[in-house]
Amino acid sequence: MLCKEGREPKRQQADRVMTDTPQLEDASFRLPEPDQLFPAEHSTHPPRILLLYGSLRKTSYSRLMAEEAARVLEKLGCETRTFDPSGLPLPDDAPAEHPKVAELRELALWCEGMVWSSPERHGTITSIMKAQVDWIPLSAIGGVRPTQGKTLAVMQVSGGSQSFN
């Protein structure tokens, strides 16, 4: 029913489902082919998971949480490796050939998924966690980024505004 101005009342407009999308090209929306979703060959090894944590404290809750995640993942059949960030230099403060950087990058290439566990500090991840993420190269190695196509789980320990977890 139209109102006296010749348009639909706002209530009827809100109830109507919008189906017209002239700004979108239908050719851009295609259903994926099932053979493109799954690899032709299945892996012959357990899933490889790299765990990173963002605290150097001896009793770090984020490290403990990463260790617990590793135990659970191993029970589920995964192979896990945990990177110890102690001794990792700040990005741009050491060459990429630094032993800790090389170790992290090798692990990033090895894994098929990652778990990141960090304390909350000033509303974000710690600089220790950020340094690890920054050292994983964004430039292509063999045409593929080390994080491309991998599963990522993010965990954060939060102890309040003055968190030292």
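At 39% relative accessibility, Pro-47 counts as partly exposed, because that value falls between the 20% limit for buried residues and the 50% limit for exposed ones. The model in which Pro-47 is examined here is a predicted one. Pro-47 belongs to the loop that joins helix 2 (34-37) to strand 1. Leaving out residues up to four places away in sequence, Pro-47 touches Gly-77, Cys-78, Glu-79 and Glu-112. Its C-alpha atom is separated by 9.7 Å from that of Leu-76, although the two residues are 29 residues apart along the chain. Gly-77, one of the residues touched by Pro-47, comes just after helix 3 and takes a positive phi of about 100°.

From this loop the view may be widened to the whole protein. It contains five helices and four strands, which follow one another from the N terminus in the order α-α-β-α-β-α-β-α-β. Of its 165 residues, 28% count as buried. Among contacts with a separation of 6 or more, 74% are between residues 24 or more positions apart. The protein exposes about 11,700 Å², and carbon and sulfur atoms supply 55% of that area.

Helix 3 covers residues 61-75. At 1.5 Å a residue, its 15 residues should span 21 Å, and the end C-alpha atoms are indeed 21 Å apart, so the two values agree. Its buried residues are Ser-62, Arg-63, Ala-66, Ala-69, Ala-70 and Leu-73. These residues lie on the same side of helix 3, because they cover an arc of only 115° around the axis. A general property of such helices is relevant here: an α-helix has 3.6 residues a turn, so residues three or four places apart point the same way. The cover over the buried residues of helix 3 includes strand 1, strand 2, strand 3 and strand 4 (151-157).

Strand 2, which spans residues 79-83, contains Thr-80. Thr-80 counts as buried because its relative accessibility is 14%, under the 20% limit. The side chain of Thr-80 makes a polar contact of 2.5 Å with the side chain of Glu-74. Beyond its neighbours within four places in sequence, Thr-80 is in contact with Ile-49, Leu-51, Ala-70, Leu-73, Glu-74 and Trp-110. Two of these partners, Ala-70 and Leu-73, are also among the buried residues of helix 3.

The interior may now be considered through its nonpolar cores. The largest has 16 residues, and those with the most contacts inside it are Leu-50, Leu-52, Phe-83, Leu-88, Leu-104, Met-114 and Ile-136. Two or more residues of this core come from each of strand 1 (48-53), helix 4 (99-110), strand 3 (113-119) and helix 5 (127-135). Helix 4 gives the most, with five residues. Phe-83, setting aside neighbours within four places in sequence, is in contact with Leu-50, Leu-51, Leu-52, Tyr-53, Leu-88, Lys-100, Glu-103, Leu-104, Leu-107 and Gln-132. Apart from the largest core lies another, of nine residues, among them Ile-49, Tyr-53, Ala-70 and Leu-73.

Helix 4 itself has 12 residues and reaches 16 Å from its first C-alpha to its last, close to the 16 Å expected at 1.5 Å a residue. Its buried residues are Lys-100, Val-101, Leu-104, Leu-107, Ala-108 and Trp-110. They pack against strand 1, strand 2, strand 3 and helix 5. Trp-110, one of these buried residues, is also in contact with Thr-80.

Terms used: Residues are numbered from 1 along each chain as its sequence is written. This is a predicted model: local features need pLDDT of at least 70, side-chain atom pairs count only at pLDDT 80 or more; totals for chains, interfaces and linings use all residues. Side-chain values use heavy atoms; hydrogens and water are left out. Buried means under 20% relative accessible area, exposed over 50%, partly exposed in between (1.4 Å probe, protein chains only). A polar contact is a pair of N or O atoms within 3.5 Å; within protein, one must be able to donate a hydrogen and the other to accept it, and residues adjacent in sequence count only if both atoms are side-chain atoms. Contact means heavy atoms within 4.5 Å. A nonpolar core is a set of buried Ala, Val, Leu, Ile, Met, Phe, Trp, Tyr and Cys residues joined through side-chain atoms within 4.5 Å. The expected span of a helix is 1.5 Å times one less than its number of residues. The arc is that of the directions from the helix axis to the C-beta atoms. Accessible areas come from the Shrake-Rupley method with a 1.4 Å probe; for residues, only the protein chains shown count as cover.
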